[in-house]
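Let us walk through this structure, starting with a pairing and working towards the interior.

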Amino acid sequence: FSLLSHALELLDREESETLQVLIQFIYRSIGVMGLAGDLTACPLCGHRYTQREVLSYNSGIHTAVCSQCSDTSQLALHPAMRRYLMVSGSLDIASAAALELSETARKRIFIYLRETLRDILGYSLQSLVDSTMFMIRD
């Protein structure tokens, strides 16, 4: 309940970037589910990621993995996206949502998290797919 109430409070502020609040809400919700995964090493084989490594995805464990442990080419977590999630995950939601992030980066991170959530749930949340509020197209 705390996560939801903090996110709603942020959305009430005019200066809040709506998409970044949503990114933080989704990312932290996945963490609450225990599915956020380790962004420093592959949870399947233990491979330590390099700073420039693009992470793949494994739908069996619903998280980012090294390219050797991937079972899909649909999702990629690029180094800058991973750095943002690592840094923002250590901050409170208000500070994380206020981090500087380009529009392109916001869109890519949102799409990655939206698709991760779809994989976890087994279906798409129409409010995240069809909403013109976010104007995000794959």
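Begin with Tyr-57, whose bridge partner in strand 3 is Thr-72. This is a predicted model. Strand 1 and strand 3 are joined by 2 bridges and run antiparallel.

Now widen the view to the sheet. It is open, is made of 3 strands in the order 2-1-3, and has antiparallel pairing. Strand 2 and strand 3 stand at the edges with a single partner strand each, so one side of each has no neighbour in the sheet. From one strand to the next, the twist averages 50°.

Two helices come next. Helix 3 packs on the sheet and touches strand 1 and strand 3. The direction of helix 3 makes about 55° with that of strand 3. Helix 5 also packs on the sheet, touching strand 1, strand 2 and strand 3. For helix 5, the angle with the direction of strand 3 is about 135°.

What lies in the largest nonpolar core? It has 29 residues. Those touching the most other members are Ile-26, Leu-77, Leu-85, Ile-109, Phe-110, Tyr-112 and Leu-113. Two or more core residues come from each of helix 2 (18-32), strand 1 (55-58), strand 2 (63-65), strand 3 (72-77), helix 3 (79-89) and helix 5 (103-121). Helix 5 gives the largest share, 7 residues. In soluble globular proteins, nonpolar side chains tend to be buried together.

Take Leu-85 as a close-up. Leaving aside residues up to four places away in sequence, Leu-85 touches Tyr-27, Leu-39, Leu-77, Ile-109 and Leu-113. There is also a second, separate core of 5 residues, among them Ala-7, Leu-10, Ile-93 and Ala-97.

Notes. Residues numbered from 1 in each chain as written. Predicted model: local features only at pLDDT ≥ 70, side-chain atom pairs only at ≥ 80, totals over all residues. Heavy atoms only, no water. Core = buried A, V, L, I, M, F, W, Y, C linked by side-chain atoms within 4.5 Å. Buried < 20%, exposed > 50% of the residue type's maximum accessible area, 1.4 Å probe, protein only. Helix = DSSP H or I, 4+ residues; strand = E, 2+ residues; numbered from the N terminus. Contact = heavy atoms within 4.5 Å. Pairing = 2+ DSSP bridges. Axes fitted to C-alpha atoms, helices over the stretch in contact; angles between N-to-C directions.
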